[in-house]
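Reader: Hello! I would love a close look at one part of this model, with its surroundings explained along the way.

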Amino acid sequence: MPHGSGRDVLIAAAIAVVAESGLRGLTFRAVSQRADLSNSLISHHFGSREALLEAAVGWAVANSIATTELFAFVAGQITAEEFLASLATSGDVLAFQSEMIVEARRNPVFRTPILDLYKSYQQVTEAALRARGLQDVADAGRWVFASLNGIVMQRMAGIDDDRLRGALEDLQIELLARAERPASRS
């Protein structure tokens, strides 16, 4: 467990429990055991399971944006290999987010946090495209992020890294070509 405030440790523990056991495995007892903290601290900090999960979604977005090197990959600052390596270090967070995306379909409490999750990723993708030299980034941002989201899901499902590396390299080639095109088309 990471060091830090009790709240942060509980969030990290909740993410790990959901990544390992799914939402069905998320109990106050499982989180407190994983965090090696008192069960009552969960109630103190969050009050409910839903509040804990909502806080964990926000934490997971910030953490995964930082650790997956999303900006660096889209901006062309790192290779496909380096991006895949960064995904390996974010496995629990990505698995947690996947569980929460599915849960948002069933439970309206999580729809807004999940929409915010996607909005955050979209904003980072668009900022990276601008850093790469693209001017009109809204449309490109949507398809780039959708592509990366699919690649991340395939990696979590166990698709071979060599196949995914090829897809990432193709994406980099397309982004490079778009960045080199003149801004206006005649």
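Leaving aside its neighbours within four places in sequence, which residues is Glu 126 in contact with?

Author: Happy to help, and please keep in mind that this is a predicted model. Once the neighbours within four places in sequence are set aside, Glu 126 is in contact with Val 137, Ala 138 and Gly 141. Glu 126 itself sits in helix α8. With a relative accessible area of 17%, Glu 126 is buried, because the cut-off for that word is under 20%.

Helix α8 has more to show. It covers residues 111–132 and includes Tyr 121, while helix α9, residues 138–156, holds Phe 145. The rings of Tyr 121 and Phe 145 form a stacked aromatic pair, with 5.4 Å from centre to centre and 15° between the planes. Since one ring belongs to α8 and the other to α9, the pair ties together parts that are 24 residues apart in sequence. Tyr 121 counts as buried at 7% relative accessibility, and Phe 145 is buried too, with a relative accessible area of 9%. Tyr 118 joins in as well: ring pairs link Tyr 118, Tyr 121 and Phe 145 into a cluster. The count of aromatic pairs in the model comes to three.

Now step back to the residue before α8. Phe 110 is found in the loop between α7 (91–106) and α8. At 2% relative accessibility, Phe 110 counts as buried. Its contacts, apart from neighbours within four places in sequence, are Glu 50, Leu 53, Glu 54, Met 100, Glu 103 and Ala 104. As for distance, Phe 110 and Val 144 lie 34 residues apart in sequence and 25 Å apart in space, taken from C-alpha to C-alpha.

For another view of helices meeting, turn to α1 and α2. Two packed helices are described by the angle between their axes and the distance between the axes. Here the axes of α1 (residues 6–21) and α2 (residues 28–35) come within 8 Å and cross at roughly 115°, so α1 is roughly perpendicular to α2. The crossing of α1 past α2 is right-handed. On the α1 side, the contact is made by Val 9, Leu 10, Ala 13, Ala 14, Ala 16, Val 17 and Glu 20. From α2 come Ala 30, Val 31, Arg 34 and Ala 35. Sorted by type, the residues of this contact are nine nonpolar, no polar and two charged.

Conventions. Residues are numbered from 1 along each chain as its sequence is written. This is a predicted model: local features need pLDDT of at least 70, side-chain atom pairs count only at pLDDT 80 or more; totals for chains, interfaces and linings use all residues. Side-chain values use heavy atoms; hydrogens and water are left out. Rings of Phe, Tyr and Trp (its six-membered ring) pair if their centres lie within 6.5 Å; planes under 30 degrees apart count as stacked, over 60 as edge-to-face and the rest as tilted. Helices (H or I, at least four residues) and strands (E, at least two) are DSSP runs, numbered from the N terminus. Buried means under 20% relative accessible area, exposed over 50%, partly exposed in between (1.4 Å probe, protein chains only). Axes are lines fitted to C-alpha atoms, for helices over the stretch in contact, and angles run from 0 to 180 degrees between N-to-C directions. Angles under 35 degrees count as roughly parallel, over 145 as roughly antiparallel, 65 to 115 as roughly perpendicular and the rest as oblique. A crossing is left-handed if the near helix is turned anticlockwise from the far one by less than a right angle, and right-handed if clockwise. Contact means heavy atoms within 4.5 Å. Ala, Val, Leu, Ile, Met, Phe, Trp, Tyr, Cys and Pro count as nonpolar, Asp, Glu, Lys and Arg as charged, and the others, Gly among them, as polar.
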